[in-house]
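Please take a moment to look over the sequence and the fold shown below before reading on. The paragraphs that follow move from a single strand to its sheet, and from there to the helices and a cavity.

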Amino acid sequence: MTISRNSLKIKKKILVVDDSALMRRVMCDIINSDERFQVEDIAFDGEAAYKLLKEKQYDGVVLDVNMPKINGIQLLRMLQKDRIRAKIMMASTDTKEGAAVTMEALELGAIDFIEKPNNIAFLRTDNFKQRFIELLQAVTDSRQTNVMAGTPESRKKQEEQTRKLVDIVRKSAPASGSGGQKVVAIACSTGGPKALQSVVPRLPAELAAPVLIVQHMPKGFTRSLADRLNTLSKIAVKEAEEGDVLENGQVYIAQGGLHMNVIQKNGKSVISYSDEPPREGVKPCANYMYESLMKSNYSQIVCVVLTGMGADGTKGIVNLETAKKVHVIAQDEASSTVYGMPKSIAATGLVNQVTGLDDVAQEIIMNVGVK
């Protein structure tokens, strides 16, 4: 008797944690409709989920934020404290408070999040189902679990290392006095918010270039991401606004739900948003950012591609390279939560450096210099 490999395919076991009966039913239906997954258990609150996670292992956890007894954030802290590992996807609301809590959840080890739509009918649309399954697949396949966040001690050591590097760079290769010659453009997706916490806080305020970031996120979440990174960093971080003039030593994060471009206005490089449909299935899309730099005044663009699903950034950098001098840094496979976007750009042969996440900031500083 011959048994096909497909018949032996083991489905990934998922734990769903949500206090809403409707959300549990919708999420369970979506998960069970895909042959790769099955809902193994459900929990009505963080307390029940904690007991299950102590006793059993799951391939992935879908976790609500607001729940009675123990909420999602409290559960993440408990799991870290007791070193109970899990691959977690948050179910989040797009309110200002919800977005801030989501950033905290990502800092506490959640890998990514799905935005709960305000309209209940949207929960059953193909778009929501597709996005849900794509994220769940990325989360369950990722190398990341709910690892410990950076401690105050580790951040202090990080600051000291950056200061030493700045001194070395300043003495060996001071930045050009003309200014405005280089720009850093970063693309990231799944695992990106966590990765950015290992890059942006290590950049000095004296960086001799502006930094542009496209992180795939829905509208309403990117400002919380920028605010959080700003509190952790010496370099200034903001959500980019229409008309912002690019300045050295400033990080600009693209708004969710729009495409960020750089245009020339009165001889200066300025942020401009456009509202084309999603590209590569995302909005904002890094390809637009890279391609907009083709007509900029910058002589060199340091392109950085970090963890993420898909191939966003690759076509943009390939096109940019025909018009500008580029230096491409790609995150390595070992440190990527999802080795999709870095793998795609590496396949083009344009990558100058493949590096671990902890060394990305150092390579940026070495390539653009300090003021």
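Which residues of β9 are buried on one side of the strand, and which on the other? In this model, which is predicted, Gln250 and Tyr252 are buried on one side of β9, while Val251 and Ile253 are buried on the other, so that both faces of the strand are covered. This arrangement can be read alongside a general pattern: in a regular strand the side chains alternate between the two faces of the sheet.

The next step is to ask what stands beside this strand. With β8, strand β9, which spans residues 250–253, pairs in the parallel sense over 4 bridges. Within this pairing, Val237 stands opposite Val251 of β9, and Lys238 has Tyr252 of β9 as its bridge partner. Strand β7 also runs parallel to β9, and 3 bridges join the two; here it is Leu212 that stands opposite Tyr252. As a general matter, strands of a sheet pair through backbone hydrogen bonds, either parallel or antiparallel.

These strands belong to an open sheet of 7 strands, in which the order is β8-β9-β7-β6-β12-β13-β14 and the pairing is parallel. The edges are formed by β8 (236–239) and β14 (351–355), and because each of them has a single partner strand, one side of each is left without a neighbour in the sheet. From one strand to the next, the twist averages 20 degrees.

Helices lie against this sheet as well. Helix α8, made of residues 222–232, lies across β7 (211–215), β8 and β9, and runs at about 170 degrees to β8. Helix α12 (residues 360–368) also packs on the sheet, where it touches β6 (182–188), β12 (300–305), β13 (325–331) and β14, and its direction makes about 160 degrees with that of β6.

Helix α8 leads on to one further feature, for a search of the whole structure finds 1 cavity of 30 Å³ or more, and about 40 Å³ of space lies in the largest cavity. At least two residues of the lining of this cavity are supplied by each of α4 (96–107), α7 (192–196) and α8. The residues that line it are Met103, Leu106, Glu107, Pro193, Lys194, Gln197, Leu225, Arg228 and Leu229, and they divide into 5 nonpolar, 1 polar and 3 charged. Helix α8 thus appears twice in this account, lying across β7, β8 and β9 and supplying residues to the lining of the largest cavity.

Definitions and conventions:
Residues numbered from 1 in each chain as written. Predicted model: local features only at pLDDT ≥ 70, side-chain atom pairs only at ≥ 80, totals over all residues. Heavy atoms only, no water. Pairing = 2+ DSSP bridges. Axes fitted to C-alpha atoms, helices over the stretch in contact; angles between N-to-C directions. Contact = heavy atoms within 4.5 Å. 1 Å grid on protein atoms, 1.4 Å probe; cavity = no way out; pocket = protein on both sides within 12 Å on 5 of 7 lines; lining within 4 Å. Points joined across faces, edges and corners; volume = space filled by probe spheres on them. Nonpolar A, V, L, I, M, F, W, Y, C, P; charged D, E, K, R; others polar. Buried < 20%, exposed > 50% of the residue type's maximum accessible area, 1.4 Å probe, protein only.
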